[in-house]
Amino acid sequence: MHLLFLCSQNKRRSLTAEKIFDGYNGHSARSAGTENNSRVRVMSGLLGWADIIFCMEKKHVRRIKEKYPDIVCGKKVICLNIDDDYEYMDEELQELLQSAVSEYI
């Protein structure tokens with residue numbers, strides 16, 4: 001399964017999730033950000049590649065649905081409700097991600 005993780009700038013939350021879940025139980029994971037200054041910016045190709053799209057906040061869900069309605073229509077888009085309060089690979093962030101994502105994969 002192809003998992004895509006989105007946050008604002010792709011520097012902490014979504015990048016941590018990609019690191020945790022890429023290769024986990026045979027899944028492929030990628031990450032991107034929804035803002036113009038993202039480390040890796042979300043594009044239509046990444047959204048099309050993904051089987052499940054995990055967004056850290058509701059604003060990320062809204063942004064992709066507004067900008068790419070045809071691509072995300074019919075895809076599983078899940079909001080994890082994880083605020084931008086963590087550093088890259090923070091232990092608490094890893095635990096939150098593993099707990100939240102495990103029910104979907």
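**At what angle do helix α1 and helix α5 pack, and how far apart are their axes?** This close-up comes from a predicted model. Helix α1 spans residues 13-21, and helix α5 spans residues 91-102. The two pack at an angle of about 65 degrees. Their axes lie 10 Å apart. Because angles of 65 to 115 degrees count as roughly perpendicular, α1 is roughly perpendicular to α5. The crossing of α1 and α5 is right-handed.

**Close-up of the residues that join α1 to α5.** From α1, the contact is made by R13, T16, A17, I20 and F21. From α5, L93, Q94, L97, Q98 and V101 take part. Sorted by class, the contact has six nonpolar residues, three polar residues and one charged residue. Residues three or four places apart in an α-helix point the same way, because the helix has 3.6 residues a turn.

**Close-up of the surroundings of helix α1.** Helix α1 is mostly covered. Seven of its nine residues are buried. These are R13, S14, L15, T16, A17, I20 and F21. The cover over them includes β1 (2-7) and β2 (28-33). It also includes α3 (58-67) and α5. Just after α1 comes G23, with a positive phi of about 90 degrees.

**Close-up of T16 in helix α1.** Is T16 buried or exposed? T16 has a relative accessible area of 0%, so it is buried. Its contacts include E87, Y88 and M89. T16 also touches L93, Q94 and L97, with residues up to four places away in sequence not counted. L93, Q94 and L97 belong to the α5 side of the helix contact, and T16 belongs to the α1 side. T16 and Y86 are 70 residues apart in sequence. In space they are 10.0 Å apart, C-alpha to C-alpha.

**Close-up of the open sheet, built from four strands.** The strand order is β2-β1-β3-β4. The pairing is parallel. Which strands form the edges? They are β2 and β4, and each pairs on one side only. Neighbouring strands of this sheet are turned by 20 degrees against each other on average, direction ignored.

**Close-up of strand β3 and its partners β1 and β4.** Strand β3 covers residues 52-55. It runs parallel to β1, and four bridges join the two. L3 stands opposite I52 in β3. F5 stands opposite F54 in β3. Strand β4 covers residues 76-79 and also pairs with β3 in the parallel sense, over four bridges. Here I53 stands opposite V77 in β4.

**Close-up of the two faces of β3.** In a regular strand, side chains alternate between the two faces of the sheet. In β3, I52 and F54 lie on one side. I53 and C55 lie on the other. Both faces are covered, and all four residues are buried.

**Close-up of T34 in the loop between β2 and α2.** The helix after this loop, α2, spans residues 44-49. T34 has 14% relative accessibility. Buried means under 20%, so T34 counts as buried at 14%. Its contacts include C7, S8 and V42. T34 also touches H60, R63 and I64. Residues up to four places away in sequence are left out of this list.

**Close-up of N10 and N25, two loop residues with positive phi.** N10 lies in the loop between β1 and α1. Its phi is positive, about 60 degrees, although N10 is not a glycine. N10 has a relative accessible area of 0%, so it is buried. N25 lies in the loop between α1 and β2. Its phi is also positive, about 50 degrees, and N25 is not a glycine either. Is N25 buried or exposed? N25 has 59% relative accessibility, so it counts as exposed.

Terms used:
Residues numbered from 1 in each chain as written. Predicted model: local features only at pLDDT ≥ 70, side-chain atom pairs only at ≥ 80, totals over all residues. Heavy atoms only, no water. Axes fitted to C-alpha atoms, helices over the stretch in contact; angles between N-to-C directions. Parallel < 35°, antiparallel > 145°, perpendicular 65-115°, else oblique. Left-handed = near helix turned anticlockwise from the far one by under 90°. Contact = heavy atoms within 4.5 Å. Nonpolar A, V, L, I, M, F, W, Y, C, P; charged D, E, K, R; others polar. Buried < 20%, exposed > 50% of the residue type's maximum accessible area, 1.4 Å probe, protein only. Pairing = 2+ DSSP bridges.
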